[in-house]
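Student: I have a structure open and would like to talk it through with you. Could we start with one residue and work outwards?

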Amino acid sequence: MGRGKVVLQRIENKISRQVTFAKRRNGLLKKAYELSILCDAEVALVLFSHAGRLYQFSSSSNLLKTLERYQRYIYASADAAVPSSDEMQHNYQEYLKLKTRVEVLQHSQRNLLGEDLAPLSTSELDQLESQVDKTLKQIRSRKTQVLLDELCDLKRKEQMLQDANRVLKRKLDEVEAEADPPPQAQLPWLGSSGDAMLSDGPPQPEHFFQALESNPSLQPTYFHRPCSNFLPEQVRLFSILRFCLCRFHTMDMNQQPVPAPGGCYPPAWMA
């Protein structure tokens, strides 16, 4: 037959009440010990009997440390949950100060924008004007500094582009120099176009030229030999020498130079 349900009410019989207290006390202490061991919890148990006898259990070495920890936790929770009247009053005063400051700032902002100027006095208007002038000076100074910084950046970029342009131009000149053929060696009496350099300077004095006596031994001898074995430069040189000999041989101080016998005419490229 199973146990009946225990009615939770005060036991009137004193002896039965003491027996029940002893059994339930031991069971409660046992459960507290098992809880501290199994769950690694800090457990403190304080129990007073009807007669005023103390029974206690603590999982730590000192029950007072556990009780102090309990008091700190309880007091901290109470202070955080319900602020004191002094603190509430202080918070309200701070709220009023912040609200007043916000209203003043909003009013000043409207005055700076040119609004609500009617209630302002002359001194307040002067102060507002000086404040606006100071603000404008700061804005212009900052704007000038920004423009100068941008100008410095542009100059630096311009210098970099000029350096890059010079480098590219130098490379282009080197490529063109490598692509052009080397210049041919020119004779000192030939011009840049390869023609004979005839002097266009002032006429020489009379004593510069001396009349040549007719001496058959000094007559120039003309040799007609084929020029197929000579280079074009050599042929041109022989033509120039032949023409010069003809001019000096037939030159007269009072006459114009005439061609010498033997068909000594300047080449076609000197005409």
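Student: Which residues does Thr66 touch, not counting those up to four places away in sequence?

Tutor: Thr66 touches Glu42, Ala44, Ser58 and Ser60 once residues up to four places away in sequence are set aside; please keep in mind that this is a predicted model.

Student: And where is Thr66 placed, and is the residue buried or exposed?

Tutor: The place of Thr66 is in helix α2, and with a relative accessible area of 11% Thr66 is buried, because buried means under 20%.

Student: What about Leu67, in which helix is that found, and how accessible is the residue?

Tutor: Leu67 is found in helix α2 as well, but Leu67 has a relative accessible area of 32% and is therefore partly exposed.

Student: Which residues form the nonpolar patch on the surface?

Tutor: The patch is made up of Val46, Phe48, Leu54, Leu64 and Leu67, which together have about 460 Å² of accessible area. The elements giving two or more residues to this nonpolar patch are β1, covering 44-48, and α2, covering 63-81.

Student: Let me zoom out for a moment. How many helices and strands are there, and what pattern does the chain follow along the sequence?

Tutor: The chain has 5 helices and 2 strands, and read along the sequence these follow the pattern α-β-β-α-α-α-α.

Student: What share of the residues counts as buried, and how much area does the chain expose?

Tutor: Of the 271 residues in the chain, 10% count as buried. The chain exposes about 24500 Å², with carbon and sulfur atoms supplying 58% of that area.

Student: And among contacts between residues at least 6 apart in sequence, what share joins residues at least 24 apart?

Tutor: That share is 30% for the chain.

Student: Okay, charges next. How many salt bridges does the count come to?

Tutor: The count comes to 5 salt bridges, and one of them pairs Arg69 with Glu42, whose side chains meet at 2.5 Å, N to O. Arg69 lies in helix α2 and Glu42 in the loop between α1 and β1, so this pair ties together parts of the chain that are 27 residues apart in sequence.

Student: Glu42 came up earlier with Thr66. How accessible is Glu42?

Tutor: Yes, Glu42 is among the residues that Thr66 touches, and at 39% relative accessibility Glu42 counts as partly exposed.

Student: Which partner does Arg10 have in a salt bridge, and are the two buried or exposed?

Tutor: Arg10 forms a salt bridge with Glu12, with the closest N and O atoms 3.3 Å apart, and both Arg10 and Glu12 are exposed.

Student: What about Asp116, which side chain does that one meet?

Tutor: The side chain of Asp116 meets that of Arg110 in a salt bridge at 2.8 Å, N to O. Asp116 is partly exposed at 38% relative accessibility, and Arg110 is partly exposed as well at 32%.

Student: Where does Asp116 lie, and what is its phi?

Tutor: Asp116 lies in the loop between α3 (85-112) and α4 (122-179), and its phi is positive, at about 55°, although Asp116 is not a glycine. As background, most residues other than glycine have a negative phi.

Student: What does phi look like at Asp40, and where is that residue placed?

Tutor: Phi of Asp40 is near 50°, again a positive value in a residue other than glycine. Asp40 is placed in the loop between α1 and β1, and with a relative accessible area of 73% Asp40 is exposed.

Student: Going back to charges, what is the nearest side chain of opposite charge to Arg25?

Tutor: That is Glu34, which is 15 Å away, and Arg25 is buried yet has no salt bridge. Arg25 lies in helix α1, residues 14-39, and is in contact with Leu47 and Tyr55 when its neighbours within four places in sequence are left aside.

Student: One more topic, the cysteines. How many disulfides does the structure hold?

Tutor: The structure holds 0 disulfides. As for accessibility, Cys39 counts as exposed at 53%, whereas Cys152 counts as partly exposed at 46%.

Key:
Residues numbered from 1 in each chain as written. Predicted model: local features only at pLDDT ≥ 70, side-chain atom pairs only at ≥ 80, totals over all residues. Heavy atoms only, no water. Patch = residues over 30% accessible without salt bridge, like charges linked within 9 Å, V, L, I, M, F, W, Y side chains within 5 Å. Areas by Shrake-Rupley, 256 points an atom, 1.4 Å probe, with all protein chains shown as cover. Salt bridge = Lys/Arg side-chain N within 4 Å of Asp/Glu carboxyl O. Helix = DSSP H or I, 4+ residues; strand = E, 2+ residues; numbered from the N terminus. Buried < 20%, exposed > 50% of the residue type's maximum accessible area, 1.4 Å probe, protein only. Lys, Arg positive; Asp, Glu negative; His and termini not counted. Contact = heavy atoms within 4.5 Å. Disulfide = S-S within 2.5 Å.
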